Amino acid sequence: AAPSGAETSSPANPIKNVVVYGSGLMGSGIVQVAAQHQYQVTMVDLGADHLKKGQGYIEASLKRVARKKFADSDAQQKAFVEDTLSRIQLSTDPEAAATTADLIVEAIVENINTKRSLFSSLDQVAPKHAIFTSNTSSLPISELASATKRQDRFAGLHFFNPVPQMKLVEVVSTAEVNPTVINDLTQFCLSLKKAPVNCKDTPGFIVNRLLVPYLMEAVRLVERGEATPKDVDTAMKLGAGYPMGPFELLDYIGLDTCKFILDGWYKEGKGLAGDKLVRPSERLNELVAKGDLGRKSGKGFYSY
Ligand code: NAI
């Protein structure tokens, strides 16, 4: 099969070395997919224990991919996993890692000050040509870009969880970004066998802008006592063809994450602040206060 990615894509591909900050759920997935498609990748986190956890996620996921790809050959499975891992380097030194980057993908904690401070320090040491991106779900890209002097080479690159399975990437443009950067990022996504879509830097980009109000309307419907979560889920799966019902999805995303996004938008989302579409929900607030956060805590709208 024709391989894809850094070594074999057009010679004009300016991206070879990818540096990913954050080795959590999203960062480790992005590292894995880039390494699978021939990029040299450095995964950066705060300490060796974090990196080890991220590497554990990657190895487990690669083994699953290998079993599917080479069902008949243990040797080929092993070679695939080893070959992919050989392109991944680990680092706990953010600035040193940036010095050879063509592309930086930030996937650290969702905190604007932490992200801005990382970008500002990387801006001093990364090559001039390096493209900076953030995987943020809820923060304005322009507010991250303004921590650097390369607003023309800064964009959103929003992957979806789980990264190895989910095809979509939202490539997010600010008013300042150079269109060639958006083009390079679009090509990068295609080389990862992902489906990129372009959108402007607005709250929630495309997917979450539509998804969060929909999920919250489901919660409000239940709050009003009009139906049970189970019946709403059945209705949306069998009546609208959705693969998961809204309450299954809320529990999967995490109720705290949903609340964080909702509250942020209600308070200061551009074009959304104070909008009743994103007003707080008592039911959601209660569950989060109790620590019922969804699948990750064993209980949310459902028990696991
Ligand atoms: P996570 O909590 O699983 O991982 C974050 C990682 O970043 C941790 O390993 C942490 O040690 C590390 N980290 C924190 N500060 C750091 C720093 N200064 N330098 C290097 N590493 C640092 O978080 P997750 O879920 O992977 O989210 C990361 C980003 O991706 C967030 O911006 C989030 O909004 C975004 N995102 C999350 C999605 C999800 O479904 N969880 C979906 C799409 C985007």
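**Calls and cut-offs, residue by residue**

Biologist: Why is G29 called buried?

Modeller: G29 has a relative accessible area of 5%. Buried means under 20%, exposed over 50%, and partly exposed in between, with a 1.4 Å probe and protein chains only. G29 is therefore buried at its 5%. This is a predicted model, in which local features need pLDDT of at least 70 and side-chain atom pairs pLDDT 80 or more, while totals for chains, interfaces and linings use all residues. Residues are numbered from 1 along each chain as its sequence is written, and side-chain values use heavy atoms, with hydrogens and water left out.

Biologist: Where is G29 in the fold, and how far is its C-alpha from that of N135?

Modeller: G29 belongs to helix α1 (helices are DSSP runs of H or I with at least four residues, strands are runs of E with at least two, and both are numbered from the N terminus). The C-alpha atoms of G29 and N135 are 12 Å apart, with the two positions 106 residues apart along the chain.

Biologist: N135 is also listed at the ligand. Which residues come nearest to the ligand?

Modeller: M26, D45, E110, K115 and N135 come nearest, out of 18 residues around the ligand. A residue counts as near if one of its heavy atoms lies within 4 Å.

Biologist: What makes E110 and N135 polar contacts of the ligand?

Modeller: A polar contact is a pair of N or O atoms within 3.5 Å; within protein, one must be able to donate a hydrogen and the other to accept it, and residues adjacent in sequence count only if both atoms are side-chain atoms. A polar side-chain atom of E110 is 2.5 Å from a ligand oxygen, and one of N135 is 3.0 Å from a ligand oxygen. A polar backbone atom of L25 lies 3.0 Å from an oxygen atom of the ligand. The ligand on its own has 850 Å² of accessible area (Shrake-Rupley, 1.4 Å probe), and the protein covers 76% of this.

Biologist: What classes of residue make up the shell around the ligand?

Modeller: The shell has 8 polar, 7 nonpolar and 3 charged residues. Asp, Glu, Lys and Arg count as charged, Ala, Val, Leu, Ile, Met, Phe, Trp, Tyr, Cys and Pro as nonpolar, and the others, Gly among them, as polar.

Biologist: Why is T148 called buried?

Modeller: T148 has a relative accessibility of 4%, so it counts as buried. T148 sits in the loop that joins α6 (141-145) to β6 (154-158). The side chain of T148 reaches the backbone oxygen of A145 at 2.8 Å.

Biologist: How do you know that the bond from N161 to P162 is cis?

Modeller: The omega of that peptide bond is near -5 degrees. P162 lies in the loop between β6 and β7 (168-173).

Biologist: What makes Q38 and F205 unusual entries among non-glycine residues?

Modeller: Both have a positive phi: about 80 degrees for Q38 and about 50 degrees for F205. Q38 is in the loop between α1 (25-36) and β2 (40-44), and F205 is in the loop between β8 (195-200) and α8 (207-223).

Biologist: Are Q38 and F205 buried or exposed, and why?

Modeller: Q38 has 19% relative accessibility and therefore counts as buried. F205 has 6%, so F205 counts as buried too.

Biologist: Why is G264 called partly exposed?

Modeller: Its relative accessibility is 29%, so G264 counts as partly exposed. G264 is part of helix α11 (residues 255-268). Its C-alpha is separated by 7.9 Å from that of S138, at 126 residues along the chain.

Biologist: What makes A235 and Y304 partly exposed?

Modeller: A235 has a relative accessible area of 43% and is therefore partly exposed. Y304 is at 42%, so Y304 counts as partly exposed. A235 lies in helix α9 (residues 229-240), whereas Y304 is in the segment after α12 (282-290).

Biologist: How far are A235 from P246 and Y304 from D251, C-alpha to C-alpha?

Modeller: A235 and P246 are 9.9 Å apart in space and 11 residues apart in sequence. Y304 and D251 are 9.8 Å apart in space and 53 residues apart in sequence.
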